[in-house]
Amino acid sequence: MTQDTNVPFLDLVAPHRELEEELISVFRTALSTAGFIGGPMVEDFERAFACYCETRFCVGVASGTDALRFALMAIGIHEGDVVVTVPNTFIATGEAISQAAAHPEFVDVDEHTYNMDPEKLREYLENRCALDGESGRLISRRSGRPVAAIVPVHLYGQPADMDAIQELAARYRLAVVEDACQAHGAGYFSKREGRWKKVGSMGKAAAFSFYPGKNLGACGEAGAITTNDEELARRVTLLRDHGQVKKYYHEIEGYNGRLDAIQAGILRTKLRYLEEWNQQRREIAHRYHELFSSLNGTGALPYEPSWARSVYHLYVIRTRQRDEFRKYLFDSSVGTGIHYPVALHLQSAYRHLGYKKGDFPAAEQAAAEVLSLPMYPQLTAERQNYVAERLLRWKSIPTASEHLLDITEERISAA
């Protein structure tokens with residue numbers, strides 16, 4: 001780079017500067033109407049986001065964690081039920097399960113996509129569970145608890161293999177709730193239906209986070225549940241607002257999990273740009289692919305199956321010398337992230353579940369090797385070139401397949 005050689009991992013200033021007047025008008029509307037909780041701005045966003053996700057309903061809530069927790073509660077999860085998910089995710093996935101009074105159990109991820117491995121799920125359901133003769137419910141041999149639901153996580157902006165997961169869920173009468181907190185706008189080609197489907201439209205319900213760094217981010221905390229089930233949407237609406245059917249009339253005990261009107265207005269404004277931003281992310285990812293073409297086939301670059309249309313919330317590479325390489329990039333003024341350094345089953349918070357190192361080797365290996373490079377719609381080609389130059393000058397990056405880079409000066413110049 002000829003001028004600014006500082007490449008931040010994430011730039012949250014540029015998009016807000018571009019939309020500053022539109023966002024300020026949202027605040028002015030809230031001030032002039034005193035509409036701070038609920039009301040037209042929340043309802044407008046809910047309608048627009050449901051339409052965007054190709055679902056009948058959307059219910060705005062206070063965070064992505066609330067979204068997943070309320071979705072699980074609304075589908076009828078009972079205390080002690082097992083909810084199956086993956087260990088390679090942010091802790092909010094596990095927290096939502098536990099806070100819905102359920103019991104998390106894990107299956108490993110696919111080593112290429114980092115998402116739930118349908119074969120590992122099948123092995124879990126067939127070999128680590130048994131059907132109860134009286135109730136007909138599937139019982140976990142590990143905990144002795146009934147298995148009720150599956151939460152596939154669409155990690156890094158890429159959908160899980162939903163056809164295979166839903167086929168298993170239907171066979172064992174399990175509900176599927178999508179954790180779509182990193183995948184706003186991602187697409188999945190369903191061979192079963194012969195068409196592309198939006199993430200958030202395939203499970204019984206789906207949870208989204210609008211944390212500021214997401215593809216669609218608020219200017220604070222926010223989340224939403226999407227669903228095609230009217231009764232489920234009604235139950236979530238009750239849960240987010242103290243169980244009220246109207247002010248001071250409480251059908252159930254609920255929570256304070258409402259979406260602020262100002263955040264809803266900000267999200268509605270940004271939603272108009274989401275497709276453009278996602279396309280920019282895809283173009284940046286493809287440019288990374290081209291710049292790093294010498295790494296193709298080594299297992300170091302993100303893998304996108306033919307049935308997936310990722311929106312690249314993150315661009316994640318792998319190296320066995322992750323910490324040393326990250327320091328090298330830091331010293332080169334390139335920001336990076338690690339998503340995530342410790343798999344959930346090895347976190348102190350989940351020690352009581354009784355898992356041990358080696359139980360989920362694909363997730364554990366990913367946790368030790370993944371590194372997220374700068375990725376945001378405003379990332380310039382100049383800055384990308386600088387990231388690639390720094391990466392390609394790193395002379396020995398053992399990747400997941402122990403490939404050692406041997407990049408010549410000619411390749412660096414060509415990149």
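A residue is called exposed when its relative accessible area is over 50%, and buried when that area is under 20%. By this standard glutamate 18 is exposed, because its relative accessible area is 54%. The structure described here is a predicted model. This briefing considers individual residues, then three helices, and finally the pockets and cavities.

**Glutamate 18**

- Glutamate 18 belongs to helix α1.
- In sequence, glutamate 18 and valine 84 are 66 residues apart, and their C-alpha atoms are 41 Å apart in space.

**Helix α4 and arginine 69**

- Helix α4 is largely enclosed by the rest of the structure, because 9 of its 11 residues are buried.
- The buried residues of α4 are Gly64, Asp66, Ala67, Leu68, Arg69, Phe70, Ala71, Leu72 and Ala74.
- Arginine 69 lies in this helix, and it counts as buried because its relative accessibility is 13%, where the cut-off is under 20%.
- The side chain of arginine 69 is joined to that of aspartate 66 by a polar contact of 2.4 Å.
- When neighbours within four places in sequence are left aside, arginine 69 is in contact with Ala96, Gln99, Ala100 and Tyr255.
- Just after α4 comes glycine 76, which takes a positive phi of about 100 degrees.

**Helix α6**

- What lies at the start of α6? There, a side-chain oxygen of aspartate 117 reaches to within 2.9 Å of the backbone nitrogen of glutamate 119.
- Helix α6 covers residues 118–127, and Pro118, Leu121, Tyr124 and Leu125 are buried in it.
- These buried residues line one face of the helix, because they fall within an arc of 120 degrees when seen down the axis of α6.
- An α-helix has 3.6 residues a turn, so residues three or four places apart point the same way.
- The buried residues of α6 pack against the strands β2 (82–85), β3 (103–106), β4 (129–131), β5 (138–140) and β6 (147–150), and also against helix α7 (162–171).

**Helix α7**

- In α7, the buried residues are Met162, Asp163, Ile165, Gln166, Leu168 and Ala169.
- Packing against these buried residues are α6, β6, β7 (175–179) and β8 (187–190).
- Arginine 173 follows α7 and has a positive phi, near 55 degrees.

**Helix α12 and glutamate 369**

- Glutamate 369 is located in helix α12, which covers residues 361–369.
- Glutamate 369 counts as buried because its relative accessibility is 3%.
- A polar contact of 3.1 Å links the side chain of glutamate 369 to that of arginine 320.

**The largest pocket**

- The volume of the largest pocket is about 560 Å³.
- Its lining consists of 26 residues, and those closest to the centre are Phe90, Gln182, Tyr211, Lys214 and Tyr340.
- Two elements, α4 (64–74) and α5 (91–99), give two or more residues to the lining of this pocket.
- Which element gives the most to the lining of the largest pocket? Helix α4 does, with 3 residues.
- Sorted by class, the lining of the largest pocket holds 11 nonpolar, 11 polar and 4 charged residues.

**The cavities**

- The model has 3 cavities of 30 Å³ or more.
- The largest cavity has a volume of about 140 Å³.
- Sixteen residues line the largest cavity, and Leu12, Pro15, Pro212, Lys214 and Asn215 lie nearest its centre.
- Helices α1 (13–18) and α10 (274–291) each supply at least two residues of the lining of the largest cavity.
- The lining of the largest cavity is made up of 7 nonpolar, 5 polar and 4 charged residues.
- The second largest cavity holds about 110 Å³ of space.
- Residues lining the second largest cavity include His112, Thr113, Tyr114, Leu155, Tyr156 and Gln158, together with Pro302, Tyr303, Ser310, Tyr312, Leu314 and Val316.
- How many charged residues are in the lining of the second largest cavity? There are no charged residues in this lining, which divides into 8 nonpolar and 4 polar residues.

Notes: Residues are numbered from 1 along each chain as its sequence is written. This is a predicted model: local features need pLDDT of at least 70, side-chain atom pairs count only at pLDDT 80 or more; totals for chains, interfaces and linings use all residues. Side-chain values use heavy atoms; hydrogens and water are left out. Buried means under 20% relative accessible area, exposed over 50%, partly exposed in between (1.4 Å probe, protein chains only). Helices (H or I, at least four residues) and strands (E, at least two) are DSSP runs, numbered from the N terminus. The arc is that of the directions from the helix axis to the C-beta atoms. Contact means heavy atoms within 4.5 Å. A polar contact is a pair of N or O atoms within 3.5 Å; within protein, one must be able to donate a hydrogen and the other to accept it, and residues adjacent in sequence count only if both atoms are side-chain atoms. On a 1 Å grid over the protein atoms alone, a cavity is a set of points where a 1.4 Å probe fits but cannot get out, and a pocket is an open set with protein on both sides within 12 Å along at least five of seven lines; lining residues have an atom within 4 Å of a point. Grid points are joined across faces, edges and corners, and a volume is the space filled by probe spheres set on the points. Ala, Val, Leu, Ile, Met, Phe, Trp, Tyr, Cys and Pro count as nonpolar, Asp, Glu, Lys and Arg as charged, and the others, Gly among them, as polar.
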